[in-house]
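Got the viewer open? Let's take a walk through this one together, one selection at a time.

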Amino acid sequence: MYSEKVMDHFMNPRNVGEIEDADGVGQVGNAKCGDIMKMYLKIENDIIVEAKFKTFGCGAAVATSSMSTELVVGKTVDEALKITNKAVAEALDGLPPAKMHCSNLAEEAIRAAIEDYKRKNGLLSECEMAGSCGRRCDDIHHDHNDNDEEDED
Amino acid sequence: MGEKLIYLDHSATTYTKPEVVEAMLPYFTQNYGNASSIYSIGRESKKAIEEAREKVAASIGAQAKEIFFTGSGTEADNWAIKGVAYANKAKGNHIITTNFEHHAVLHTCQYLENDGFEVTYLPVDENGLITPQQVAEAIKPNTILITIMFANNEIGTIQPIAEIGKIAREKGIYFHTDAVQAIGNVQVNVKDMNIDLLSLSGHKFYGPKGAGALYVRKGVKLISYMHGGAQERGRRASTENVPSIVGLGKAIELATANIDEYNKKLIALRDRTIDEVMKKIPFVKLNGHREHRLPGNANFSFQFIEGESLLLLLDMKGIAASSGSACTSGSLDPSHVLLAIGLPHEIAHGSLRLTFGEENTQEDVDKLLEALPTIVERLREMSPLYESVKRGNQNV
Ligand SMILES: Cc1ncc(COP(=O)(O)O)c(C=O)c1O
Ligand SMILES: [Zn+2]
């Protein structure tokens, strides 16, 4: 059901781990809904120079985490904020429809890590201070999960 | 990969035994006659169906005329529950079941709730058991049906079916059991256990898929479910699927002939798996009752990891298994069975079901025990939930 690229990123995830002196750390999702992603960013002169992740989740969640760390490195903070879950999914040659919600985590995690970086560096705008970035699990999941096929036995 | 597949998902389905396929084959190309026809190949089909009916009946202690062939276990469940409900509406509208039935039962009950019936979903305990007392206490003057699964498909728990049957019979309430997972694994006798209706499905005991049966005790009031021709004595219309019926008969005969020996073999595989996994891997929980469980079922929850990832990595090692995590079900919630035994979502997501069968060996268990701890550790190393545990804080 997964593309070869997804399986590659799942089997050989890039950039797994933590960055000790990260400039921004973001964690999204929760154990209740089955996927959690934590992203660590190292940022120098507004450019993301290193990204690492830890993920609790399915194959799609791990693969999107891995792919998004690859996508953000070398980008400016603003460019990184423009990465959408759709772009991450496309970079993986697509995800099964039922798995699109798992890919939302990646976009959210990038945002959360950058928000953390901005907060630490006094770069947050007022609107961002209001915390609109912290979308919860339900919001992330419900908009994409219109697929209710169930395999069972 | 070239390596032998280690199939540990027999509760999902089994392969069809070659003897069963062989028994079925003539009914495709040679004896293809319609069983309702008068000429010889039609009569051959009729005879084969009746022989299969005898075999199914004998294997559960029923009479042949109490067996009706269906297109699946799901159909048998639907027919039993809706059939009793609509035929006995004048008597009452209350049904008793449990909160961890297979969806073939659960969704049928929910459907009936939308049609004016009242359903009590008895909560199972942390091991997945209900007590006969719970059933007795739930009975009301308008109760017309008790439907409780014999053995659970995910965690393998076996219910006290004979005791429940006794209560139901004393109260004059029909008792249906979904025995899809039990047949071929556990001794079942509908007379001794006071069972009025029982569902079974061929593909769980080395028979063909799409072949099931419903046992209906003589005298039980049940509406016909499929309207049309006069097949199955007018109770289930549609030209009989002769090859599948023959295969079902052959499979149940084989599966129940050596059941004690088969059980012994499965229990040895299961028990070693359970003991070793619990010993080798930290932060693990066995789901389901340690003793009252299917001989071939082991179900674990591994903390801090997610089931689908586990299945993908096991698959890479040539091991086929299943999980009740949300990401494997395609819904947002982990399996209702794991939630029913009180597992928090995060623990339910990390579940792994291993179900052993005829072709499995202790070498398969060796390979599993070699692969599993490494895979679990690998996923935990990747898990943000495990970090805090390693740092000594276990409150995650
Ligand atoms: C307990 C239980 N009931 C019912 C079914 C449905 O049977 P079938 O697949 O033949 O429709 C299954 C398995 O799929 C099952 O495990
Ligand atoms: Zn997922």
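Before the first click, one term: a polar contact is a pair of N or O atoms within 3.5 Å; within protein, one must be able to donate a hydrogen and the other to accept it, and residues adjacent in sequence count only if both atoms are side-chain atoms. The model is predicted, so to speak with care: local features need pLDDT of at least 70, side-chain atom pairs count only at pLDDT 80 or more, while totals for chains, interfaces and linings use all residues, and side-chain values use heavy atoms, with hydrogens and water left out. Residues are numbered from 1 along each chain as its sequence is written, and chains are lettered from A and ligands numbered from 1 in the order in which they are written.

**Stop one: ligand 1**

Select ligand 1 and show the residues near it (a heavy atom within 4 Å). There are 14 residues around the ligand, and B:Thr74, B:Asp178, B:Gln181, B:Ser201 and B:Lys204 come nearest. Now zoom in on B:Ser201, where a polar side-chain atom sits 2.6 Å from an oxygen atom of ligand 1. On its own ligand 1 exposes 390 Å², and the protein buries 92% of that (Shrake-Rupley method, 1.4 Å probe).

Next, pick B:Thr74: one of its polar side-chain atoms is 2.5 Å from a ligand oxygen. For B:Gln181, the distance from a side-chain N or O atom to an oxygen of ligand 1 is 2.8 Å.

Which helix gives the most to the shell around ligand 1? Color helix H4 (residues 73-87) of chain B, which supplies 3 residues. Helices here are DSSP runs of H or I with at least four residues, strands are E runs of at least two, and both are numbered from the N terminus. Color by chain too: residues from chains A and B surround ligand 1, so the site is shared between chains.

**Stop two: where the chains meet**

Select residues in contact across the two chains (heavy atoms within 4.5 Å). You should get 38 residues from chain A and 32 residues from chain B.

How many salt bridges cross this interface? The rule finds 3, counting a side-chain nitrogen of Lys or Arg within 4 Å of a carboxyl oxygen of Asp or Glu. One to click on is A:Lys99 with B:Glu308, at 2.4 Å, N to O.

Last, select B:Glu387 and A:Lys54, whose side chains meet in a salt bridge at 3.7 Å, N to O. This pair runs from helix H15 (residues 384-390) of chain B to strand E3 of chain A.
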